[in-house]
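Biologist: I would like to go through this model with you one step at a time, with the reasoning behind each answer. Shall we look at the structure together?

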Amino acid sequence: MKHLFFILALVASGATAQAQTPATPPAKHPIELKAGHMQAQAKPAANRPDVPPQFPGGAQALNDFFQQNVKYPEAARVKQVNGNVVTAFTIQPDGKLANLTVVTPLTPECDAEALRVLKLMPAWKPATRKGEPVAVQVRLPVPFGNSTNLNVEKAKTKTKFE
């Protein structure tokens, strides 16, 4: 009887020890850069650039590029489809685009047109980390159907008060 009590005590203490093992922490998601959300860091992570990639000429030049090159598909025009095709691609250390994909589709015709326009894009100024160019994944919406989507927000002019 003493042995049975001793065995039950050991089994019970083993079960509580197993229940108290710490859970594994959730896996970290990769860092994704979004326009306007980068900020300087005192100790940047190893996979985060110091300077974001830039389209040659800036946001206004990117706006002009889309206005000149995006052709609104006739099928989308008939259905009066408008919105953005969200694309993702990698800007290589040489500034060229690679791994072009559609993240948020609109219509098959608009998706194909967005990928066609991205293939026409000139090389970007690559992101840098400690002065060295690095590859970075970027998400970029390609606008369709509504010209108001193409406007780039401009800075307000400040007036001098006396």
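Biologist: Is Trp124 buried or exposed in this model?
Modeller: The model is a predicted one, and the answer rests on the computed relative accessible area of the residue, which for Trp124 is 8%. Since a residue under 20% is classed as buried, Trp124 is buried.

Biologist: How is the pair formed by the rings of Phe89 and Trp124 classed?
Modeller: A pair of aromatic rings is described by the distance of the centres and the angle of the planes. There are 4 aromatic pairs in the count, and for Phe89 and Trp124 the centres are 5.8 Å apart while the planes stand at 65°. Because an angle over 60 degrees is the criterion, the pair is edge-to-face.

Biologist: How many residues apart in sequence are the parts that this pair ties together?
Modeller: Phe89, which counts as buried at 0% relative accessibility, belongs to strand β1 (residues 83-91), whereas Trp124 sits in the loop between α4 and β3 (127-129). The pair therefore ties together parts whose separation in sequence is 35 residues.

Biologist: Which residues do ring pairs link into a cluster?
Modeller: Phe89 and Trp124 form an edge-to-face pair, and both belong to a cluster linked by ring pairs. The members of that cluster are Phe55, Phe65, Phe66, Phe89 and Trp124.

Biologist: Where do the buried residues of α2 fall when the helix is seen down its axis?
Modeller: Helix α2 covers residues 58-69, and its 12 residues should span 16 Å at 1.5 Å a residue, which agrees with the 17 Å between its end C-alpha atoms. Its buried residues are Leu62, Asn63, Phe65 and Phe66. Seen down the axis, these buried residues fall within an arc of 160°, so they line one face of the helix.

Biologist: Which elements do the buried residues of α2 pack against?
Modeller: Phe65 and Phe66 are among the buried residues of α2, and both also belong to the ring cluster. The buried residues of the helix pack against α4 (108-120) and β5 (136-144).

Biologist: Which residue in β5 is the bridge partner of Asn84?
Modeller: In β1, 8 of the 9 residues are buried, so the strand is largely enclosed by the rest of the structure. β1 pairs with β5 in the antiparallel sense over 9 bridges, and in β5 the partner of Asn84 is Pro143.

Biologist: Which residue in the turn between β1 and β2 has a positive phi?
Modeller: β1 is joined to strand β2 (residues 97-104) by 5 bridges, and the two run antiparallel, with Thr90 opposite Ala98 in β2. The two strands form a hairpin with 5 residues between them, and the residue in the turn with a positive phi, of about 95°, is Gly95.

Note on methods: Residues are numbered from 1 along each chain as its sequence is written. This is a predicted model: local features need pLDDT of at least 70, side-chain atom pairs count only at pLDDT 80 or more; totals for chains, interfaces and linings use all residues. Side-chain values use heavy atoms; hydrogens and water are left out. Helices (H or I, at least four residues) and strands (E, at least two) are DSSP runs, numbered from the N terminus. The expected span of a helix is 1.5 Å times one less than its number of residues. Buried means under 20% relative accessible area, exposed over 50%, partly exposed in between (1.4 Å probe, protein chains only). The arc is that of the directions from the helix axis to the C-beta atoms. Contact means heavy atoms within 4.5 Å. Rings of Phe, Tyr and Trp (its six-membered ring) pair if their centres lie within 6.5 Å; planes under 30 degrees apart count as stacked, over 60 as edge-to-face and the rest as tilted. Two strands pair if DSSP finds at least two bridges between them.
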